[in-house]
Amino acid sequence: MTGPDPVVPPLVPGPGPGIFGARLGSGRSREEGARAALVATASTVVFLVVAAVLITRSPNWPEVRHQFFDPDAFRESWPDVLHGFWTDMKIFAISIVVIPVLALVLAVARSFRGPAFFPLKALAICFIDVMRGIPMILLILLLGFGVPALQLSGVPSGAFFWGVAALALSYAAYTAEILRAGIDAVPESQRASARAIGLTQGQALRHAILPQAIRNVIPALMNTVVSLQKDVALISVLGVREAVREAQIYTSRTFNYTSYVAAAVLFLAVSIPLVRVVDHLTTRDRARRSQVAV
Amino acid sequence: MSAGKLRVEGLVKRYGDRVVLDGIDLSVDEHQVVCLIGPSGSGKSTLLRCIDLLEPIDGGRVLLDGEDITAPGVNANSIRRRIGIVFQSFNLFPHMRVLDNVTLGPRKAAKVPKAEAEARAMELLDRLAVAEHAQKYPEQLSGGQQQRVALARSLVADPEILLLDEVTSALDPELVGEVLSAIRSLAAEGMTIVMATHEMGFAREVAHRIDFLHEGRVLESGPPSQLLKDPTQERTRQFLKRVIEAGRL
């Protein structure tokens, strides 16, 4: 979803960060800036040292460290948790391809006009309402355990398949609503001018409306990506051996929770950079919009 | 009156209970320029949108070259390619460069090859003196430039008739002239034009006929020299008096 290079030059040449930077820095000399950075660093170090001392001196620290931060347990559980995390990332990768396609179909069906399209529209609304109304974990249990139990021929029966399907259906419903908001935010006049140059309804949507709609909701879509990256772990309830499941297995064997921390570290390692990229994109988008307003 | 390039017969348009067009009759001959004037809310924009089949109509019909384009089963998309329309607020596609804005219609709706569509588009942009902005995005252009791009976009399919919906109303005063002079030269080349406008001076200069709309009807119709100087209807007189007071005539 995110470009390979986050530092893409802005679409429109305009007041770049240089100008803003100069304006921000104009009241402050470079030495003052350097001093501020130094003070910030020093106070952070002092804070961290004090916090570390206080925590490790507390009477319960040895027990906490043993339960959650045991280096041996970490080392021991790491390979399995990492292997499980690889499964999480696979689920993430599949979902991130499937969800936009489903969501787009739903959003477009929902924004159809004209009485002839009513059944399609009603179906989309029903689907979205149901998918959004059921707790995701319930949907995962329902599809992941329920459908394989039917033993239908010609239908996949793996927990992995149905877990991913449940996740994708639920997220597609949410994403469809985001896209619909984006579509609704495109002025009616854009549709009119697209139809006026002879485009069909579908062509107008494809070339005029959707590109603008998606641009409208990029920040919201990116937030969905961030939360999806973590929600893949919900599939562990089906027994799929992903990171959380592996950590759980280790814990139930050893009564040590360090494996959970190992899993948390792995999720953080992906989600924090992802959040930063999202922030960057959102800021860039806002800058682009304010440039337009000038 | 002859068959005419465009004929509107008894056109009715309602929004809910509100009657916006209350039986409009109108005829435009080939190479004729007709200006629609009247207070806001009189139905000028709605009429133009109905003629371009952008709004479903509730009564009457529209004929283009004698063919009823409002009849059921008519391919509205192909009709719209024969009619050009330019809107008050330009309505360019903000995510596309100027050139792509102009070529989108021919390429997608008429399946014209890219190179051919671009050559034709550049020719038009050049004529409208915006060729140098072809690779820019609409937001980088002034209102007058954007409106000339919108003109190019509506002309690229070689429409048989051009509908202009208050195309200068959203422009800063100093940018109105450049758009009007583009329209003036189109009119001089024989383009058939129906133009809703508040630019009475321009209407007097280029229009062959002026129609005064009031509450969804054509209340009065005549050559500019007569209608603007010596209207027969009291409503028209009142409207023109206010226009004159505002310094627009």
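Begin with chain B of this predicted model and select its four-stranded open sheet, in which the strands lie in the order 2-1-4-5 and pair in the antiparallel sense. At the edges stand strand 2 (18–28) and strand 5 (67–68) of chain B, and because each has a single partner strand, one side of each is left without a neighbour in the sheet. Now add helix 1 (residues 44–51) of chain B, which packs on this sheet and touches strand 1, strand 2 and strand 4 of chain B, its direction making about 65° with that of strand 2 of chain B. Within the sheet, strand 1 (residues 6–15) and strand 4 (residues 59–64) of chain B are joined by five bridges in the antiparallel sense, and if you display side chains here you will find Leu6(B) opposite Leu64(B) of strand 4.

Next, stay in chain B and select the open sheet of six strands, whose order is 6-7-8-3-9-10 and whose pairing is mixed. Strand 6 (83–86) and strand 10 (217–222) of chain B are the edge strands here, and since each has a single partner strand, one side of each is left without a neighbour in the sheet. Looking across the sheet, you will see that neighbouring strands are turned by 20° against each other on average, with direction ignored. Helix 5 (residues 143–155) of chain B packs on this sheet, where it touches strand 6 and strand 7 of chain B, and its direction makes about 165° with that of strand 6 of chain B.

Zoom in on strand 8 (residues 193–196) of chain B, where Ile193(B) and Met195(B) point one way, Val194(B) and Ala196(B) point the other way, and all are buried. In a regular strand, side chains alternate between the two faces of the sheet. Which strands pair with strand 8 of chain B in the parallel sense? One is strand 7 (residues 161–165) of chain B, with four bridges, and another is strand 3 (residues 33–37) of chain B, also with four bridges. On the strand 7 side, Leu163(B) has Val194(B) as its bridge partner, while Asp165(B) is partnered by Ala196(B); on the strand 3 side, Cys35(B) is partnered by Met195(B). To follow the path between two of these strands, trace the chain from strand 7 of chain B through helix 6 (residues 173–188) of chain B to strand 8 of chain B, a β-α-β crossover that is right-handed.

Turn now to chain A and select helix 6 (residues 136–150) and helix 7 (residues 159–184), whose axes come within 8 Å and cross at roughly 145°, in a crossing that is right-handed. Among the residues making this contact are Leu139(A) and Leu143(A) of helix 6 of chain A, and Trp162(A) and Leu167(A) of helix 7 of chain A. By class, the contact is made of eleven nonpolar and three polar residues, with no charged ones.

Is Ala243(A), in helix 11 (residues 243–254) of chain A, buried or exposed? Ala243(A) is buried, because 28 other C-beta atoms lie within 10 Å. Leaving aside residues up to four places away in sequence, Ala243(A) touches several others, including Val81(A), Phe85(A), Ala233(A) and Leu266(A).

Finally, display both chains and select the place where they meet, with 18 residues of chain A in contact with 22 residues of chain B. Helix 8 (188–196) and helix 9 (201–216) of chain A each supply at least two residues of the side of chain A that touches chain B, and the residues of that side divide into eight nonpolar, eight polar and two charged.

Methods. Residues numbered from 1 in each chain as written. Chains lettered and ligands numbered in written order. Predicted model: local features only at pLDDT ≥ 70, side-chain atom pairs only at ≥ 80, totals over all residues. Contact = placed C-beta atoms within 7 Å. Nonpolar A, V, L, I, M, F, W, Y, C, P; charged D, E, K, R; others polar. Buried ≥ 20, exposed ≤ 12 C-beta atoms within 10 Å, placed from the backbone. Pairing = 2+ DSSP bridges. Right-handed = clockwise from strand over helix to strand, strands pointing away. Axes fitted to C-alpha atoms, helices over the stretch in contact; angles between N-to-C directions. Left-handed = near helix turned anticlockwise from the far one by under 90°.
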